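Biologist: I am new to this structure, and I would like a close look at the ligand and its surroundings. Could you walk me through that part, and then point out a few places elsewhere in the chain?

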Amino acid sequence: MAEQGKIKKIGILTSGGDAPGMNAAIRAVVRKAIADGLKVVGIQKGYQGLLNEEMSEMTARSVSDSIQQGGTILRTARSEEFRYEEGRKKAAAICKKHGIDAIVVIGGDGSYRGAYELSKVGEPVVCLPGTIDLDIACTDYTIGFDTAINTALEAIDKVRDTSSSHERCSIIEVMGRNAGYIALWCGVASGAEDILIPEKYNYDEQEIINHIIESRKIGKTHHLIINAEGIGHSTSMARRIEAATGMETRATILGYMQRGGSPTCKDRYYASVMGAMAADLLKQGKTNRVVCYKNGDFVDYDINEALAMKKQIPEYQYEIAKALSI
Ligand code: F6P
């Protein structure tokens, strides 16, 4: 049951892969919480930093000049120790010791699971979706996705120029772990001839080869394939495609450049609203919630309920990509 005024001091951390807009989220949590009379402790390097007690009190000035910066001013990490219940109990005890009544966790799916486990050993949490992968089921938007796809798209457009000039096939591998959202969006927006995503890939390379041969016949000068990290193997795929089609084929793996850079307006805006909501929830004594963007609105769900939700690649959006590349 929510109990207004119960929470006086909150911790905040970023966990897992960094994402552009995390700083805007931190800034919003810190400033809204302080404006509402709460104290805020910034925890460095995610759950591992919590276990190492790397923390200090934040003020409104601690987050000055950060809204436009990529990365996370709190640093981030993946913690082995926190994977075990013993580690999580130690983390909860550290929170008690420092008088931290609840923690705001900004991160992806794995960070949410960690937060849920932490809540089960007695430290209340609120989560914000921070990942470039867009793969958190309970939310239609994750902080960092917009910047990442625009960064990737800019790079893809450049590869396309040289690909057309040389009449080559280009396989461009984008991030996304086991999810194909970055590949789908960048594929549609770059006019790619093929989009390979783990959710739909049937490992039939012959289909791609046939597509390249047909495209050549109808006068296409290049062939752009956006390949998701979850499929990977772009370099060996390029060698096989070149051998089978006779079309020069190059692989470009975009890698970590997709995770860096100044956040777009959209990422800053969503992060700011979601961050403020997290602080509001805690002010009202509501814990073990996740802040989401769902069906056009900012909402919050119980963390347990949120983790049980499932998300799928929208079928129609994937199918139209094929029609648009004829
Ligand atoms: O979750 C964000 C992400 O960039 C994924 O797209 C990628 O698979 C992963 O993180 C890479 O993680 P790391 O920084 O540990 O190499």
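Modeller: Here is the ligand site, followed by a few single residues.

This is a predicted model, in which local features need pLDDT of at least 70 and side-chain atom pairs count only at pLDDT 80 or more, while totals for chains, interfaces and linings use all residues. Residues are numbered from 1 along each chain as its sequence is written, and side-chain values use heavy atoms, with hydrogens and water left out.

Let us start with the ligand, which sits in the largest pocket. A pocket here is an open set of points on a 1 Å grid over the protein atoms alone, where a 1.4 Å probe fits, with protein on both sides within 12 Å along at least five of seven lines. A molecule sits in a pocket if more than half of its atoms lie within 2 Å of the pocket's grid points. The residues around the ligand, each with a heavy atom within 4 Å of it, are Arg78, Thr131, Ile132, Asp133, Met175, Gly176, Arg177, Glu229, Tyr256 and Arg259. This shell divides into 3 nonpolar, 2 polar and 5 charged residues; Asp, Glu, Lys and Arg count as charged, Ala, Val, Leu, Ile, Met, Phe, Trp, Tyr, Cys and Pro as nonpolar, and the others, Gly among them, as polar.

Three of these side chains deserve a closer look. Aspartate 133 has a polar side-chain atom 2.7 Å from a ligand oxygen, and for glutamate 229 the corresponding distance is 2.8 Å. In arginine 78, a side-chain N or O atom is 2.9 Å from an oxygen atom of the ligand. Taken alone, the ligand exposes 400 Å², and the protein buries 79% of that; the areas come from the Shrake-Rupley method with a 1.4 Å probe.

Now for the other places. Threonine 147 belongs to helix H5 (residues 145-166), a helix being a DSSP run of at least four residues, numbered from the N terminus. Threonine 147 counts as buried because its relative accessibility is 3%; buried means under 20%, exposed over 50%, and partly exposed in between, with a 1.4 Å probe and protein chains only. The side chain of threonine 147 is 2.5 Å from that of aspartate 267 in a polar contact, that is, a pair of N or O atoms within 3.5 Å, one able to donate a hydrogen and the other to accept it.

Glutamate 167 lies in the loop between H5 and strand E6 (169-174). Glutamate 167 has a positive phi of about 55 degrees although it is not a glycine, and counts as partly exposed because its relative accessibility is 40%.

Terms used. 1 Å grid on protein atoms, 1.4 Å probe; cavity = no way out; pocket = protein on both sides within 12 Å on 5 of 7 lines; lining within 4 Å. Helix = DSSP H or I, 4+ residues; strand = E, 2+ residues; numbered from the N terminus.
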